[in-house]
Structures are given as C-alpha cells and as structure tokens.
Amino acid sequence: MIRKLAHLCIVSDQLDVLLEFYTQKLGLIRQFDFRNKDGEIFGYYLGCGDSTFIEIFDRLGKHKQWGSGAPETLKGGNRLNHFCLEVTGLKDLVASLEARGVKLSPIRTGMDQSFQSWTNDPDGNPIELMEYTHASWQLRPPQG
C-alpha cells in the first residue's frame, strides 16, 4: 500500500550551498549523510517533518558511487533525479503492480538499509518505492 510521498531527490554541483540553504535558511534537519567507500560525503538526507525528506546528491559524487559512462551535465529541468513513495508490504505491492503490467526492478536493500524497487512513469521519470526496515537510516535520530 502506498502511504505517502517519502522524498524528492535533487542532484547538484553545489552540494554545500544547497545544504546551507535547506538547513540554515529553511531550517530543515540534517538526518544523515551518504558517504562513499572512501568516506567522502556525496549526499545528504534532510528531514521535512513526519518522515518526509529531501535527498541531495553531488552530481559527480553520485556518478562515482553508482554511475556508468560520462556523468550527465546539469541544466534547468534535469536536477530532480526521482521521487520516492513510502510503502508498506513492498513485496505484495510489487506483485500487484506487476499483475497490472507495471515493470519493476527486483526488490533490494539500498545503501540506507531500506527495501526498494524502481519503475518509471510513461515519460521515463524514475519512481522509487521504499519500505522502511528496522535498520532504515530514515528512522534513526538526526545526526546533525
């Protein structure tokens, strides 16, 4: 069952500037950081209240962590990377959606320790379906 919008993901070449804007200007809480295998921060999860978040990734850091080929050049209109719906019963939901003809990725555990499956809308916009686990970083107290 889809519960609510869980997060929006923004990709930027100004990670620190966006962090300062969203935390110092808007007052959002820094929930946790994404670090690569070298310990470098390449993204932040910012709490918006009631388990909703804004996720921000550095474009090159994101590419270093998960990309292939050349990193995409940012321009107006392509900085929103995906949106995520918080769900319960992900396994049953995936089966139900697949029965309706929706193509989904296999369920896996993400870096943040939440279960996820991915699809795209007809325009190709990526949609993440996420089910929190007992170990999900989103459910920890904010670290910042």
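**Surface patch, helix α1 and two nonpolar cores**

Good morning. Leu-5, Leu-8 and Leu-80 together make a nonpolar surface patch of about 250 Å². I should state at once that the model is a predicted one. Of these residues, Leu-8 lies in strand β1. Its relative accessibility is 34%, and since exposed requires over 50% and buried under 20%, Leu-8 is classed as partly exposed.

Let me turn to the interior. The largest nonpolar core comprises twelve residues, among them Ala-6, Cys-9, Phe-32, Phe-34, Cys-84 and Trp-137. Strands β1, β2, β3 and β4 each contribute at least two residues to this core. A second core, separate from that one, has ten residues, including Leu-19, Leu-46, Ile-54 and Ile-56. In soluble globular proteins, nonpolar side chains tend to be buried together.

Cys-84, a member of the largest core, deserves a further remark. Leaving aside residues up to four places away in sequence, Cys-84 is in contact with Lys-4, Leu-5, Ala-6, His-7, Glu-128 and Met-130.

I come now to helix α1, which spans residues 15-25. Which of its residues are buried? They are Leu-15, Leu-18, Leu-19, Tyr-22 and Thr-23. Viewed down the axis of α1, these buried residues fall within an arc of 110°, and therefore they line one face of the helix. An α-helix has 3.6 residues a turn, so residues three or four places apart point the same way. The cover over the buried residues of α1 includes β1, β2, β3 and β4. On the face turned away from the buried side, α1 carries the exposed residues Asp-16, Gln-24 and Lys-25. After the helix comes Gly-27, with a positive phi near 85°.

Thank you.

Notes. Residues are numbered from 1 along each chain as its sequence is written. This is a predicted model: local features need pLDDT of at least 70, side-chain atom pairs count only at pLDDT 80 or more; totals for chains, interfaces and linings use all residues. Side-chain values use heavy atoms; hydrogens and water are left out. Buried means under 20% relative accessible area, exposed over 50%, partly exposed in between (1.4 Å probe, protein chains only). Helices (H or I, at least four residues) and strands (E, at least two) are DSSP runs, numbered from the N terminus. The arc is that of the directions from the helix axis to the C-beta atoms. Contact means heavy atoms within 4.5 Å. A nonpolar core is a set of buried Ala, Val, Leu, Ile, Met, Phe, Trp, Tyr and Cys residues joined through side-chain atoms within 4.5 Å. Patches are made of residues with over 30% relative accessible area and no salt bridge: like charges are joined within 9 Å, nonpolar side chains (Val, Leu, Ile, Met, Phe, Trp, Tyr) within 5 Å. Accessible areas come from the Shrake-Rupley method with a 1.4 Å probe; for residues, only the protein chains shown count as cover. A salt bridge is a side-chain nitrogen of Lys or Arg within 4 Å of a carboxyl oxygen of Asp or Glu.
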